[in-house]
Amino acid sequence: MSKLNKATLFVISAPSGAGKTSLVKALTNQMRHTQVSISHTTRAMRPGEKDGVDYHFINLEEFVELLDKNTFLEHAQVFGNYYGTSQQWVEKTLQQGIDVILEIDWQGAQQVARLMDCCRVCILPPSIDALQQRLTARGQDNSDTISHRMAQAQEEMSHFAEADYLVINDDFETALAELKAIIVSQRCRTILQQRKSSDLLQHLLNTETV
């Protein structure tokens, strides 16, 4: 991470249906100075989604062009679609003192961890049955797609030990409180406090005792 950064890059991974997106949305609504990175993707837009808000929706040719220009901090193919995170946007936002949240799978998380200092968080469901029920209740996918997502979930969950923090999303409010606690703990790290409060620290240490 650049020495100019005054914020933390949070990489949050979870199997599809674990509630990651809902938790992150609630987190950013309640905590100031946090922003979710908007990924570029080749997948089709779902009902209710907006370009530039949920994702930057582009075609495969555009994605490959950006990839060739080394635009992405990380990229991955998930369920036949490509996803990528703008490195320039992430670095610029961190330097402004705003915490950045990446919602990416374990492959992307590994890529980011190799390139930048980050805090990795894994969110897991309370059970396999609960995961399948959540995927079914969303009403977005057919049975074949749900079966495929359940199979992929096993691979995603097997990488939980690579994360710095593990959150079990059994009760939503409890999981949200744990996520908020993680954000606060990272903001209180000495190295970040030094960068954000350098003038104050200098004043405190240089003031003569009366």
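Buried means under 20% relative accessible area, exposed means over 50%, and partly exposed covers what lies in between (1.4 Å probe, protein chains only). By that yardstick Phe79 is partly exposed, at a relative accessible area of 30%.

Before going on, a word on what you're looking at. This is a predicted model, where local features need pLDDT of at least 70, side-chain atom pairs count only at pLDDT 80 or more, and totals for chains, interfaces and linings use all residues. Residues are numbered from 1 along each chain as its sequence is written, and side-chain values use heavy atoms, with hydrogens and water left out.

**Two residues with positive phi**

Let's stay with Phe79. It has a positive phi of about 55°, although it is not a glycine. Where does Phe79 sit? It's in the loop between strand 5 (72-78) and strand 6 (81-86). Helices (H or I, at least four residues) and strands (E, at least two) are DSSP runs, numbered from the N terminus.

His33 is another non-glycine residue with a positive phi, this one near 60°. You'll find His33 in the loop between helix 1 (20-30) and strand 2 (34-36). His33 is partly exposed, with a relative accessible area of 46%.

**Strand 6 and its partners**

Two strands pair if DSSP finds at least two bridges between them. Strand 5 and strand 6 do so in the antiparallel sense, over 6 bridges. Along that pairing, Phe72 stands opposite Ser86 in strand 6. The two strands form a hairpin with 2 residues between them, and here Phe79 turns up again with its positive phi near 55°.

Strand 6 also pairs with strand 3 (residues 40-41), again in the antiparallel sense, over 2 bridges. In this case His40 stands opposite Gly84 in strand 6.

**The cysteines**

How many disulfides does a search of the whole structure find? It finds 0, where a disulfide is a pair of cysteine sulfur atoms within 2.5 Å. Here's how two of the cysteines look:

| Cysteine | Nearest cysteine sulfur | Relative accessibility |
|---|---|---|
| Cys118, in no disulfide | Cys119, 7.6 Å away | 15%, buried |
| Cys122, in no disulfide | Cys119, 12 Å away | 6%, buried |

So for Cys118, the nearest cysteine sulfur is 7.6 Å away, whereas a disulfide needs the sulfur atoms within 2.5 Å. For Cys122 the nearest one, also that of Cys119, is 12 Å away. Cys118 counts as buried at 15% relative accessibility, and so does Cys122 at 6%.
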